[in-house]
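Trainee: I am new to this structure and would like a close look at a single part of it. Could you take me slowly through the place where the chains meet, and through the charged side chains around it?

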Amino acid sequence: MALDLTTAWALLLAFAVFVYVVLDGFDLGLGILYPFFPSKHDRDLMMNTVAPVWDGNETWLVLGGGGLFAAFPLAYAIILPATYPLIIAMLLALVFRGVAFEFRWRSTSRFSRWSWDMAFMGGSTVAALAQGMTLGTLLQGITVEGRAYAGGWWDWLTPFTLLCGVAVVAGYALLGACWLNLKTDGPLQERARWLARIAGLVTVGGIVAVSAATPFLETAYFERWLAWPGILEVAIVPVLVGVLTLWLARSLTSGKGPDWLPFVLALGLFLLCFAGLGVSMWPYVIPPSVTLQQAAAPESSQLFMFAGAVVLVPIILAYTAYAYWVFRGKLKPGEGYH
Amino acid sequence: MDTFLGLDATLLARIQFGFTVSFHFIFPSISIGLASYLAVLNGLYLWTRDGVYLRVFNFWVKIFAIAFGMGVVSGIVMSYQFGTNWSVFSDLAGPVVGPLMAYEVLTAFFLEAGFLGIMLFGRDKVGPGLHMFATAMVAVGTAISATWILSVNSWMQTPQGFGINADGQFIPEDWWAIVFTPSFPYRLAHTLTAAYLTTAFIVGGVGGWQLLRGRAHNPAARRMFSMAMWMIVVTAPLQVMVGHEHGLNTLEHQPVKIAAMEGHFHSHEDGAPLILFGLPDQAAGEMRYELSIPHLSSVIFGLGWNGAMEGLDVVPDEEEPPVAVIFWSFRVMVGLGFLMVGAGLWGLWARWRGHLYASPWLWRAMVAMGPSGLVAVIAGWITTEVGRQPYVVYNQLRTADAVSPLGASAVGWSLIAFIVIYFAVFGAGVLYILRLMHREPDMGEDDADAEPGPTRAAGITPQQQMDRGRAAPAE
C-alpha cells in the first residue's frame, strides 16, 4: 500500500481513537467500578485520580469525531445516522458523568451525592456500552445506498453488537482497575487488583468471542483471517493476545513487579485488538460498502489539515504528558484536589 | 408526511440543533469571559501581591470550573450533532467546515483541557509562574476556540473560496478566503465582546448581590463590583459600535436578513423608517400597529436622509426568513445593549460622586441585569441564525435539503431526551453556581498572603483555603 494522504489520515484517526481509548478507557472504567467501592472515601479518591485530566481525555473523542468529519465526511454522514440511538445515548451518558466531576463535590445532602454517584456510574457504563456497540455495528456491516444510510432503525441491536458492547465495558473496567493499582495503595489497591483479575477474565473472554464471531460476519473477514497462507501472517495477533494475557494474569496474581506493569499490559491487549480490527476492516471505512478512498475528503481539505496536525499533535501529546507528570504518583487519602 | 407531534423531521432537527446549541453557548460565553478575568486577577495578584485579587480569583475559579465542565459536555454533543441530524450537510460541506473544526479541536480544546487541571488544582504543585502560564493558556484557548467556530459560522453565512464537485460537495479552493470570509471579522469581534460583556454583568451582578447582603466591608466584594463596573463602562459602548459595524456588513452581504430584522416588508425609495415596534404579519406582508421614526433606518445604515432600502418584497416568499422571530429577538438584543450602556454610565457617575459602595439602587439594578448578557447573546444568535433561513449555507444549500434521512420519531424522541436531561442536569449545575455566588468571599483578616515573601508560601496558603472551602459542603 502506498502511503498517500488518505491512508495517512486513516492512520492518524486510528491513532486519535486509540489515544482516546488509552486515556478515557480507564477514566470511564473508574465509573464502571464504582459499585464495587461503596465507601465515600474510596469514591472520592478514585475520582480525584482523574479529576485534573478528564477534560483532556474526552477531547480525543472530539478529535476522533471531528477528524472523521473533516477527513472522511461521507463516512461521518453515514455512520452517525446508522448508529443514531447509540450516539445519542453515549452523548447523554457523557453529560451525566462529566458533570458529576464537579457536582459531586457541591452536593450538600446524602441524596444528591448519591444521585451524582449514580450519574457517574451509569454514565460511564452506558458510554462504554454504546461505544462498543457502535464498533460492533460498524464491524457487522452497514447498508448504504447512494451516499446515505439505507438500513433499518434497529440494525445496531444484535447479539454481536451487544457482545462487543459488553467486551468494551469489561475492557474499560480492566483499565480502570489497573489504573487504581497504579495510583493508590493499601486496601483500595488490593481490591483493585482483585477486580482487575475478574475484569481481565471477562475481557479476554469477550475478545475470544468477538474474534471467533468476526470471520463469519463477512466472507472478506473469513478470507482475511482463516485462508491459507495469509493465516501465517495474521495469526501473530491472537498469539500475542495469548502471551499478554498470561503475562497480565501472572503480574496481577503474584503482586510482584512494578505497579504500572498491569496497566501497560492491559493497554497492550487493546492495541492488539486495534490491530485485529485494522486487519478485518482494511481498506474499508464502512464495511462492506465504502472504502477509505471513496469516503475521503478532497485533497485540498486533507492537506490543509494534515499540515497542522503533524505539528500540533506532538505538541498536544507533550503538554498532556506534562499534565500527567504534574499529578504523578500515588494519591494519598485526604489529598483532595477539591 | 412522516411527523412527530405534528412536526416534520427537518423542523425537529432544527429545534434540536437550536436547543442544544443555545444551551451550550451559555457556558462558553461565560467561560470565555471568566477565563480572561481569572488570568487578569491572577496576574494582578502576582504583580501587586494584593491578597484581595487572590480571594476574588478563588471565589470565581470554582464557578468557572462548573461552567467550563458544563461547556465541555454540552460541546461534545455539538460535535456529533452535525453527523447525527445533518448528515447531508456533513457530507456536502464537510470538506470545508470539517477541517476548520478539526483545527478548533487541535489548537483550542486540547489547550484548554490540557492546562485546566493545572490551573484548578496545580498552584502549589508547579509554582506561581507555571500556574500563571496555565491560567493564561486556558484563557487563550477559549478565545482561539471562538475564532475557529465563528470562522465556520461566518463561512456558512457568507460562503466563498470553494467549488462544487460532481457529488455536489463543496470543494475548498482557497483556504484563506474560506477562513476570512467578509462577515468573519465583524462576527468575531461582536461575539468576543459579547462574552466579555456578559461576564462583566455576571460579576457585577454577583458583586451587587454581595454588597446588598451587607458585605460592603468585604474588600473582595467591593473589588469585583468595581472591576465589573469599569469593564462595563468601556465594553458596553464599544459593543454598540461593533454591533453597528456588523449590521452594515450584513446589509452588504445579507440584505434580506436586514429587511427582516428591520421589519421592512416593502422597499423604500426615499428613506426607510426605523420601526420601533409593530406586529409583523408575514402572510399579509404587512407590519401592523407600526410605531416608527421616518427616515431613521436609512440614516443609521449611512445611506442618507433619502437613502433607498430594499424590503422583503424584492425576494420570493419562499426565500424569506420567518420575520416575527428575528424582528423581536433583534429588538431584545438592542434594547438590552442600550440598558447596558446606561448601567455603565450610572456606575461611572456613582464612582465620580464617591458612593459606588453606598448605592443600593445601583446594586439592585446590577443584580437584575446580571443575566442580561446571556439573554442578549441568545437573542443575537437567534437573529443571525434564523435570519439566514431558508439556507444553511447561504444561497447555496437549503436547510431542508441538508437534514439526515431519519424518521421524525427518532429525532423527536432524542429531542425530548435532550430537553429533559439538559434541564435536569444543567438546572442542578446552575443551582450549584448560584449557591457559590451567594456565599461570601474570603475576608482574609490576617492578610498574610498580602506580604511580599517567599513565593512558595503564597502558593500554599490559597490551596489550603481551597481545600477548606471544598471540604465543608462535601462532608
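Mentor: What follows goes from the contact between the chains to the salt bridges and then to a neighbouring loop.

Please keep in mind throughout that this is a predicted model. The contact draws on 65 residues of chain A and 75 residues of chain B, and between them the two chains bury about 6400 Å², of which 73% lies on carbon and sulfur atoms. On the side of chain A, Tyr84(A), Arg106(A) and Phe304(A) supply 12% of the area that this chain buries against chain B, which is more than any other three residues.

Turning to polar links, the interface of chain A and chain B holds 17 residue pairs in polar contact, with both residues at pLDDT 80 or more. The elements of chain A that each give at least two residues to the side touching chain B are α3 (54-71), α4 (73-82), α5 (84-106), α6 (110-140), β2 (148-149) and α14 (299-326). Sorted by class, that side of chain A has 44 nonpolar, 13 polar and 8 charged residues.

The count of salt bridges between chain A and chain B is 2, while the structure holds 14 over all chains. In one salt bridge, the side chains of Asp91(B) and Arg147(A) meet with N and O 2.8 Å apart. We will come back to where these two residues sit, after looking at a group of charged side chains within chain A.

Lys40(A), Arg43(A), Asp44(A), Arg104(A) and Asp117(A) are linked in a network of salt bridges. Within this network, Asp117(A) forms a salt bridge with Arg43(A), and the closest N and O atoms of the pair are 2.9 Å apart. This pair links distant parts of the chain, since Asp117(A) belongs to helix α6 of chain A and Arg43(A) to helix α2 (residues 40-50) of chain A, with their positions 74 residues apart. Both Asp117(A) and Arg43(A) are buried.

Asp117(A) also meets the side chain of Arg104(A) in a salt bridge, at 2.4 Å from N to O. Here helix α6 of chain A, which holds Asp117(A), is linked to helix α5 of chain A, which holds Arg104(A), and the two residues are 13 residues apart. Arg104(A) is buried, as is Asp117(A).

Now for the pair set aside above: Asp91(B) lies in helix α3 (residues 87-121) of chain B, and Arg147(A) lies in the loop between β1 (144-145) and β2 of chain A, so this pair joins two chains. Asp91(B) has a relative accessible area of 4%, and it is therefore buried. Arg147(A), by contrast, has a relative accessible area of 28%, which means that it is partly exposed.

The last stop is Ser107(A), which is found in the loop between α5 and α6 of chain A. Ser107(A) counts as buried because its relative accessible area is 2%. Its side chain reaches the backbone oxygen of Phe103(A) at 3.1 Å, and a polar atom of the side chain of Ser107(A) also lies 3.2 Å from the backbone oxygen of Arg104(A). Arg104(A) therefore appears twice in this account, through its side chain in the salt bridge with Asp117(A) and through its backbone oxygen beside Ser107(A).

Notes:
Residues numbered from 1 in each chain as written. Chains lettered and ligands numbered in written order. Predicted model: local features only at pLDDT ≥ 70, side-chain atom pairs only at ≥ 80, totals over all residues. Heavy atoms only, no water. Contact = heavy atoms within 4.5 Å. Buried area = accessible area lost by both parts, 1.4 Å probe. Salt bridge = Lys/Arg side-chain N within 4 Å of Asp/Glu carboxyl O. Polar contact = N/O pair within 3.5 Å; in protein donor to acceptor, adjacent residues only side chain to side chain. Helix = DSSP H or I, 4+ residues; strand = E, 2+ residues; numbered from the N terminus. Nonpolar A, V, L, I, M, F, W, Y, C, P; charged D, E, K, R; others polar. Buried < 20%, exposed > 50% of the residue type's maximum accessible area, 1.4 Å probe, protein only.
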